Amino acid sequence: CLGSQVAAMVDADLAVMRAGAWALELVPHVRWLSLRESVEEFASLMTLQMDLRIEAANLDRFRVNFRESPDVNFPQPIRPLVSREVLVETLMPGAALGEWVATAKGSAEGREHMRRVA
């Protein structure tokens with residue numbers, strides 16, 4: 001469950017980023033970076049990610065896009081247990097990606113496997 005606390009934290013973070021971008025754009029040589037526009041683009045993407053129905057649709061898309069890759073799996077959203085603030089998905093067995101990469105780097109077989117999935 002996403003909850004209102006997460007939304008409030010994201011809103012607070014975005015407010016800080018907006019204030020920082022505004023202040024930095026007062027510096028003449030920084031204006032060309034368009035920091036405020038960049039922050040607004042980031043804010044719109046974060047807002048989309050806060051809607052867990054969109055995240056469920058992304059999982060569905062990933063599952064379709066990688067269906068021919070036996071080494072890559074994504075959890076499946078469990079509908080009707082998906083809403084704006086809740087995403088229930090299947091449990092996927094496996095290891096954290098960072099642990100897997102660290103282990104795989106140590107062997108030729110692991111490096112070959114990483115090359116195939118990359």
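Start with the whole chain and follow the order of its elements: from the N terminus on, they run α-α-α-β-β-α-α. That comes to five helices and two strands (DSSP runs numbered from the N terminus, with H or I and at least four residues for helices, E and at least two for strands). This is a predicted model, where local features need pLDDT of at least 70, side-chain atom pairs count only at pLDDT 80 or more, and totals for chains, interfaces and linings use all residues. Residues are numbered from 1 along each chain as its sequence is written, and side-chain values use heavy atoms, leaving out hydrogens and water.

Still zoomed out, turn the C-alpha trace around: along its principal axes the trace spans about 55 × 40 × 25 Å.

Now select Asp51, in the loop between helix H2 (35–50) and helix H3 (52–65). Is Asp51 buried or exposed? Asp51 is buried, because its relative accessible area is 7% (buried means under 20%, exposed over 50%, partly exposed in between, with a 1.4 Å probe and protein chains only).

Next, show the side chains of Arg53 and Arg84. The Asp51 side chain makes a polar contact with that of Arg53 at 2.7 Å, and another joins the side chains of Asp51 and Arg84 at 3.1 Å. A polar contact is a pair of N or O atoms within 3.5 Å; within protein, one must be able to donate a hydrogen and the other to accept it, and residues adjacent in sequence count only if both atoms are side-chain atoms.

Last stop: click on Leu48 in helix H2. Leu48 counts as partly exposed, at 45% relative accessibility.
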